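Q: Before the details are worked through, could the sequence and the model be put on view, so that each answer can be followed on them?

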Amino acid sequence: MTVFDRLHQGEHIDIRDADYQREVHGEIDRCDHLCWQLRQTDPAAKQRLV
């Protein structure tokens, strides 16, 4: 079960937990990269904004 599954079930999770840090910080990095890609895209190029 992932940290996100445990959170959805209402479980309390210590943010110092190694599983939390690995999964959540990995998702934060993925999100940051996607945001960077969107910022590099011309808003007029709507077909590229997926």
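A: Helices here are DSSP runs of H or I with at least four residues, numbered from the N terminus. The model is a predicted one, and with that definition in hand Val 24 can be placed in helix α2.

Q: Is Val 24 buried or exposed, and what is its relative accessible area?
A: A residue counts as buried when its relative accessible area is under 20%. Val 24, a residue of helix α2, meets that cut-off and is therefore classed as buried, its relative accessible area being 11%.

Q: Which residues does Val 24 touch, once its neighbours within four places in sequence are left aside?
A: Val 24 and Phe 4 are 20 residues apart in sequence, while their C-alpha atoms are 8.3 Å apart in space. With neighbours within four places in sequence left aside, the contacts of Val 24 are with Val 3 and Phe 4.

Q: How far from Glu 23 is the nearest side chain of opposite charge?
A: Glu 23 lies in helix α2, which covers residues 18-39, and Glu 23 is buried yet without a salt bridge. A salt bridge requires a side-chain nitrogen of Lys or Arg within 4 Å of a carboxyl oxygen of Asp or Glu. For Glu 23 the nearest side chain of opposite charge belongs to Arg 22, at a distance of 4.1 Å.

Q: Which backbone nitrogen lies 3.1 Å from a polar atom of the Glu 23 side chain?
A: Not counting residues up to four places away in sequence, Glu 23 touches Thr 2, Val 3 and Phe 4. A polar atom of the Glu 23 side chain lies 3.1 Å from a backbone nitrogen, that of Val 3.

Q: With which residue does Arg 22 form a salt bridge?
A: Side chains of opposite charge can pair when their charged atoms come close. Arg 22 is exposed at a relative accessible area of 54%, whereas its partner is partly exposed at 34%. The two are three residues apart in helix α2 and so are separated by about one helical turn. The N to O distance in this salt bridge is 3.1 Å, and the partner of Arg 22 is Asp 19.

Q: How far apart are the closest N and O atoms of Arg 30 and Glu 27?
A: Arg 30 and Glu 27 both lie in helix α2, three residues apart, which is about one turn of the helix. Arg 30 counts as partly exposed at 48% relative accessibility, and Glu 27 is also partly exposed, at 34%. They form a salt bridge in which the closest N and O atoms are separated by 3.0 Å.

Q: How many salt bridges does the structure hold?
A: One of the salt bridges joins Arg 16 to Asp 14, with the closest N and O atoms 2.8 Å apart. In that pair Arg 16 is exposed, at 68%, and Asp 14 is partly exposed, at 38%. Over the structure, the number of salt bridges is four.

Q: Why is there no bond between the sulfur of Cys 31 and the closest cysteine sulfur, and which residue holds that sulfur?
A: A disulfide calls for two cysteine sulfur atoms within 2.5 Å, and a search of the whole structure finds zero disulfides. Cys 31 counts as partly exposed at 39% relative accessibility, as does Cys 35 at 32%. The sulfur of Cys 31 is too far for a bond because it lies 4.1 Å from the closest cysteine sulfur, which is in Cys 35.

Note on methods
Residues numbered from 1 in each chain as written. Predicted model: local features only at pLDDT ≥ 70, side-chain atom pairs only at ≥ 80, totals over all residues. Heavy atoms only, no water. Buried < 20%, exposed > 50% of the residue type's maximum accessible area, 1.4 Å probe, protein only. Lys, Arg positive; Asp, Glu negative; His and termini not counted. Polar contact = N/O pair within 3.5 Å; in protein donor to acceptor, adjacent residues only side chain to side chain. Contact = heavy atoms within 4.5 Å.
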